[in-house]
Every structure is written in structure tokens, then in C-alpha cells.
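Open the model in your viewer and keep the selection panel at hand. This tour goes stop by stop: what to select, then what is there.

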Amino acid sequence: MPESKPKRATKPEDFELALPKCARLSSKPHSFCQGCGHPEVLKALGFAIDELGIQDRVAFGVDIGCSLLSWDYFNMDSVETHHGRTIPTMVGFHHANPEGVAVAYVGDGGAYAIGSGHLLNAAIRNENITVIVVNNAVYAMTGGQEAPTTLPGRKVATAPCGADEYYIKAPEIIRNVNPTAFVARGITSVQAPLRTIMKEALTHQMEGKGFAFVEVLSQCPLNWKTLDKPEKTFEVLEKELAQAYPVKRY
Amino acid sequence: MSEKKFIMGNEVMGRAARAAGAKALYGYPITPSSEILHFWSGEACGEQGRKEGLVFRQAEDETGAGFMLIGGVLAGARSFTATAGPGHVLMQDAFSMAEAMRIPVVAFITQRGGPSTSTVIYSQSEVNLTCFGGNGNGFRVVYSPSNLQELFDYGIKIFNTAWKYRFPTFLLADGYLAKMMGEVEVYDPAEKGIKMVPTEAYMLEKDRKRPLSEVVPTPEIDIREDGGRQYECLRNCLNLEEETYAVNMEIKEAFDKAAPEIVEHEDYGPQDAKTLVVAHGLVSSAVRAAVDALAEGQDKIRLFRPITLRPFPEEALRQAARGAERIIIAESAVNQLARFVKESLYGHCDTALEEYFRPSMGILPKEIIDLVTKA
């Protein structure tokens with residue numbers, strides 16, 4: 001018998017089983033690009049929120065860049081801030097409402113370039129918030145420019161001759177300035193551990209232990225120019241990125 | 001209980017915020033406003049402050065402080081900041097978001113010399129920045145106090161204006177006022193019959209009294225139900241020009257509606273004076289002294305003082321300008337107050353406007369008297 005072709009999911013109800021309970025079905029299919037890693041990160045976060053039963057306690061702050069497209073991904077109170085400014089917004093929120101679970105969702109440009117001062121100092125002050133940074137090694141929404149995470153020699157829109165020699169290893173830095181923070185790096189292609197990391201990070205914050213930081217290695221087929229080569233996308237993600245940025249707890 | 005205290009301007013503002021029931025100050029030190037932070041951090045770590053859950057957070061920079069402030073307000077806390085000069089420039093990033101989403105942030109500004117780092121002492125050169133900073137249209141409320149007592153009175157009032165009308169609201173003081181000491185009556189607003197407008201969280205509000213959709217412009221809010229609970233999603237990055245147009249027009253409509261209730265001015269001196277002097281803030285105190293000094297002679301003058309720079313008391317100024325043979329605009333800046341005056345009087349007044357611009361310099365009563373009598 002010929003193998004039946006899987007039905008393409010197009011309607012909100014098609015996504016019901018594949019998505020966390022806290023996801024908003026009516027905003028699906030999501031508005032990220034084809035093959036983008038963000039939805040995988042958000043799913044892991046959403047399942048962790050479901051498991052902890054905190055959907056109505058989360059204040060979800062989203063940054064500018066691709067991360068902003070997550071503003072309506074969940075049925076949760078959320079706010080879009082300015083580029084790089086989500087971390088201080090959630091810090092302010094948490095101090096005024098310590099019962100809320102303040103989550104800042106940021107890209108690598110927002111967290112490590114324009115918002116790096118906020119990230120570093122929030123970690124130093126051991127602010128009791130959770131920061132999730134999606135690292136796809138490029139400025140994606142603005143058109144594929146060089147990020148502090150772009151690997152050396154990679155040709156991108158603002159580095160046509162190749163990116164700079166050095167790049168940021170943020171979890172390593174966070175651990176260096178904050179010995180008690182929860183710090184981990186996950187990857188979109190291995191979902192179960194990513195979900196566990198998310199749950200541990202949120203729990204760290206909810207127990208009042210202070211700063212929780214998760215970096216997630218993620219794919220950007222559009223700007224990596226691998227849209228029509230999914231195997232290449234995952235080769236870059238799992239070999240090149242994961243080699244430069246070790247996936248582990250710190 | 002009401003009592004007289006001999007204190008510094010910055011402490012007056014800190015005490016005003018305390019009297020207003022503010023819960024949180026997010027800031028970054030900068031001269032000449034730093035003592036507001038000193039006062040508040042002392043309050044927050046005192047026994048009573050800890051009992052009340054007062055919040056003080058020193059940010060990594062003014063940009064961070066501005067966005068922490070937004071976070072505090074989103075959580076429903078009566079929150080404020082204090083800054084000046086280059087720090088005020090950095091905070092415009094956050095104030096711009098507050099303007100777009102009608103987030104009632106409160107800021108005490110103590111103007112210092114500008115442009116750039118300049119002096120840490122005094123000027124009136126942050127009028128443009130306070131009223132029109134950011135990439136919006138200036139839908140903010142700006143009070144310009146002229147003495148220490150007004151730092152306290154309006155320091156309470158701005159919290160009510162901010163939360164009643166939901167616009168970013170500023171107390172535009174200056175370095176001299178911030179650093180000078182004098183006698184001030186401090187009081188509990190309830191003693192004077194002033195009721196504080198209740199606050200409400202934008203996120204995680206459990207007992208919402210006013211629908212957020214009445215405040216946040218329509219394209220920026222999406223409310224959905226799930227499991228018997230309402231979730232509010234707020235955004236400021238829009239897809240379409242039409243959405244941005246709608247945001248701006250909704251904010252404008254709300255501002256235009258609120259403006260007549262907010263606008264304030266002071267008209268001081270003999271109504272038959274031929275010379276009208278327009279000044280704001282501390283300079284208006286000097287003009288007031290000149291009005292008194294000249295009250296008995298032939299060179300009587302009258303002061304017109306906008307107490308709110310945004311919204312500006314246009315109609316009141318037009319009325320005051322009628323019959324004036326001379327109109328002098330005095331400010332410690334170049335054309336920052338004067339721009340409002342020209343805009344208000346354009347097409348309504350034939351009298352030439354005389355400019356007395358002294359950027360970053362204090363203006364004394366004698367200078368005003370000389371201007372009037374030696375012309």
C-alpha cells in the first residue's frame with residue numbers, strides 16, 4: 001500500500017495536540033519563517049509552563065527582532081518592549097510584583113549587543129527573573145547582519161568579507177559574574193532536554209533563587225541560506241554552532 | 001500631619017513621592033538629581049519602608065532605569081524616576097514607549113546645562129526634550145514648578161495626573177531648585193482633601209476596574225479568553241501604516257479630551273500693565289519679584305506663567321496678550337519656551353515678541369526690571 005502523505009497543518013485545530021496548552025491556537029500557524037527555530041524554543045517553554053501550571057502567573061516580555069513575533073504565541077499576559085530593553089522591563093516588573101513569574105524572551109542581538117549592559121548587570125545583581133536568549137548567530141529580522149554570535153569568517157550582510165574573529169559565549173560570562181545563577185545552553189533540535197532546562201530555569205526563579213539564564217541554539221534557514229536544504233540547516237546547527245557553543249549546564 | 005521643614009529641593013521631591021504613596025523608584029545617579037535617589041533608597045531600606053514593600057533599584061544606566069520604570073508601572077505600582085541632562089536623553093527610549101502605549105510613568109527632571117554633558121548646575125534647556133523627546137508627537141504632561149513648595153504640591157499631583165489620564169507625566173524642575181534649601185510645608189494629601197487615583201496593573205491584574213482596551217490604543221492590545229481567564233497581550237511594533245495612524249489618532253483624541261482638565265497657568269500682577277512677561281519655572285519666580293517691585297510705578301508689568309508646558313495654556317495666553325504693548329519672553333534657554341508662545345500667539349496678536357534668552361544662566365529680578373525700565 002502506498003504510504004499516505006501526512007496532512008499539512010493549516011487550521012488552528014490541526015495544531016492542538018502538537019502544542020502546549022498555554023499556546024494560543026488562533027494565532028497558528030505561527031508567523032515565523034519556514035523552518036525557523038523560534039517556535040521550537042517557544043514550544044519547549046510552553047510545555048514547561050504547562051507542567052508547572054503557571055500560565056496565569058507569567059509576565060512574558062518579548063524583545064524586538066524575530067522574538068517580537070512571539071507576542072501573541074501564548075495565552076499569557078505579554079508585552080513587546082524595545083530592542084534590548086526587555087530585561088530591565090522585566091526586572092522592574094518583578095520588583096513591583098514578586099508573585100509574578102517574569103520571563104524575558106530575547107534574540108542574540110538584543111541580549112548580547114544593544115542590551116548587553118542590561119543582561120550583564122541583571123546577572124550581577126542576581127535579579128530574580130528568567131532570561132531566554134535565542135542564538136541563531138545572526139541578526140535575522142533586519143536582514144542577516146553580523147551579530148556578536150556570528151562565527152568567524154561567516155559571510156553575512158554587514159560582513160561580506162567574513163565576520164570578526166571573536167564571538168560571545170554568554171553563559172560562560174554569566175556564570176563568571178554570578179556563581180549561583182541557573183545557567184544553561186540548549187538546542188532546538190533536542191526538545192526533551194530543552195523542555196527540562198526551561199522548567200529548571202523557571203523553578204529557580206519561582207523558588208526565589210535569583211537569575212535564571214537559558215541560551216538556546218536555534219536555526220535561521222532564511223538567513224543561513226539553507227531554506228531548501230533542511231539537512232544543511234541541521235548540519236550548521238548541530239555541528240558548527242554546537243561545536244562553538246557547547247550545549248550544557250554551567 | 002502637616003509640618004514645616006527646612007529641606008533641599010531634591011528631598012522635597014522625594015517626600016512628595018512618598019506622600020503620594022509611590023511604591024517604586026528606579027533610577028541612575030546623575031547630578032543634580034541624585035539626592036532624590038539617596039532619599040528614596042534610605043526610605044526603602046528603613047523599617048517602615050521595608051514593611052510597606054517600597055522598591056528602590058539602581059539601574060545600570062538611564063535606559064535601564066527607564067525600562068525598569070515601565071516594568072514597575074506594568075505591574076501596577078505607582079512608580080517614578082529622577083534624572084537630568086544626558087541621562088534624560090537616554091531615558092527618552094523608554095518614555096517613547098510609555099507615550100505609545102499610554103503607560104503612566106512619572107519622572108522628576110532637574111534640568112542642567114546643555115547641550116551634551118555641559119554643566120551640572122542649571123538651565124531650562126530640557127523643555128524640548130521633556131515635551132517632545134522620542135519619535136512621537138509629544139503626548140505627555142509636563143509641569144513646570146517655580147519654587148520649593150510647588151515641588152511638593154505638584155510632586156504629588158503628577159502621580160494623579162499620570163494615573164487618571166494615563167500619559168507619561170513630568171515634573172520639570174531645574175538644578176537650582178533641586179539643590180536649594182528652604183522652608184516647605186509637607187503634608188499628607190488626604191489632609192488637604194486630595195484623593196490619590198488608584199493604580200492598576202497592565203499585566204497580571206487580578207481585579208481590573210478599568211478595561212485596558214479603554215487605555216491602550218486598539219492596534220496595540222489583544223485580549224483573549226482561556227480557561228475562564230482574560231489574557232492581555234500588548235505590542236508596540238505594528239505591521240501597517242494604518243495601524244500606526246490609528247494609534248496616533250487615538251492617543252491624540254485622548255490627549256485633546258484630557259487637556260482642558262489638565263492645563264494650568266498663573267496670571268500674576270496688575271491686569272492693566274502694558275508689559276507682559278512670559279516665563280516658566282524658576283525664572284517666573286524672578287519675574288514675580290519684578291512684578292512686585294514695579295507695582296507702584298509707571299512701568300508696571302504682568303507675569304504670564306504656563307504651569308503646564310504640555311498641554312500649553314494657549315487660550316489663556318492669547319487673552320493675557322490682548323492689550324499688551326510689550327511682550328517679553330524670558331527663559332534660561334534659547335527659544336524653548338518661546339516656541340510655545342509663538343505658536344500660541346500666531347495669528348492672534350500683533351505685538352512684537354521680545355526675546356530674553358539666557359541659556360544656562362539664572363535670571364534675576366533686577367534683569368527683568370532693567371529690561372522693562374531701560375528700554
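What is the handedness of the crossing of H1(A) and H6(A)? The crossing is right-handed; a crossing counts as right-handed if the near helix is turned clockwise from the far one by less than a right angle, and left-handed if anticlockwise.

Before you start selecting, note that this is a predicted model, in which local features need pLDDT of at least 70, side-chain atom pairs count only at pLDDT 80 or more, and totals for chains, interfaces and linings use all residues. Residues are numbered from 1 along each chain as its sequence is written, and chains are lettered from A and ligands numbered from 1 in the order in which they are written.

**Stop 1: a helix pair in chain A**

Select residues 38–52 and 191–206 of chain A. These are helices H1 and H6. Helices (H or I, at least four residues) and strands (E, at least two) are DSSP runs, numbered from the N terminus. H1(A) and H6(A) pack at an angle of about 55 degrees, with axes 8 Å apart. That angle makes H1(A) oblique to H6(A). Axes are lines fitted to C-alpha atoms, for helices over the stretch in contact, and angles run from 0 to 180 degrees between N-to-C directions. Under 35 degrees counts as roughly parallel, over 145 as roughly antiparallel, 65 to 115 as roughly perpendicular, and the rest as oblique.

Now show side chains. On H1(A), the contact residues include A:Ala44, A:Phe47 and A:Ala48. On H6(A), look for A:Leu194, A:Met198 and A:Leu202, among others. Contact here means C-beta atoms, placed from the backbone, within 7 Å. By class, this contact has 8 nonpolar, 2 polar and 4 charged residues. Ala, Val, Leu, Ile, Met, Phe, Trp, Tyr, Cys and Pro count as nonpolar, Asp, Glu, Lys and Arg as charged, and the others, Gly among them, as polar.

**Stop 2: a sheet across two chains**

Select the strands in the order S5(A)-S6(A)-S4(A)-S3(A)-S1(A)-S2(A)-S10(B)-S9(B). These 8 strands form an open sheet with mixed pairing. Two strands pair if DSSP finds at least two bridges between them. At the edges are S5 (182–187) of chain A and S9 (221–226) of chain B, each paired on one side only. The twist averages 15 degrees from one strand to the next.

Zoom in on S1 (58–62) and S3 (101–107) of chain A. They pair in the parallel sense over 5 bridges. A:Gly61 has A:Ala104 as its bridge partner in S3(A). Then add H2(A). It lies across S1, S3 and S4 (130–135) of chain A, at about 175 degrees to S3(A).

Where do the chains join in this sheet? S2(A) pairs with S10 (229–234) of chain B, parallel, over 2 bridges. Select A:Ser78 and find its bridge partner, B:Cys233.

**Stop 3: the chain interface**

Colour by chain. Here, 29 residues of chain A are in contact with 36 residues of chain B. On the chain A side, S2 (77–80), H2 (86–96) and H4 (116–124) each supply at least two residues. H2(A) gives the most, with 8. The chain A side divides into 11 nonpolar, 12 polar and 6 charged residues.

**Stop 4: the sheet of chain B**

Hide chain A. In chain B, 7 strands form an open, mixed sheet in the order S3-S2-S4-S5-S7-S6-S14. S3 (55–58) and S14 (308–310) each have a single partner strand, so one side of each is left without a neighbour in the sheet. Neighbouring strands are turned by 20 degrees against each other on average, direction ignored.

Select S2 (24–27) and S4 (79–83) of chain B. They are parallel partners over 2 bridges, and B:Leu25 has B:Phe80 as its bridge partner. Add H2 (34–45) of chain B: it packs on the sheet, touching S2, S3, S4 and S5 (106–111), and its direction makes about 135 degrees with that of S3(B). H4 (62–74) of chain B also packs on the sheet, touching S2, S3 and S4, with a direction at about 165 degrees to that of S4(B).

**Stop 5: two domains in chain B**

Colour residues 3–192 and 265–373 of chain B separately. These are domains 1 and 2, with bounds from an automatic or database domain assignment. Their C-alpha centres lie 27 Å apart. The contact takes 22 residues from domain 1 and 20 from domain 2.

How values were computed
Two residues are in contact if their C-beta atoms, placed from the backbone, lie within 7 Å.
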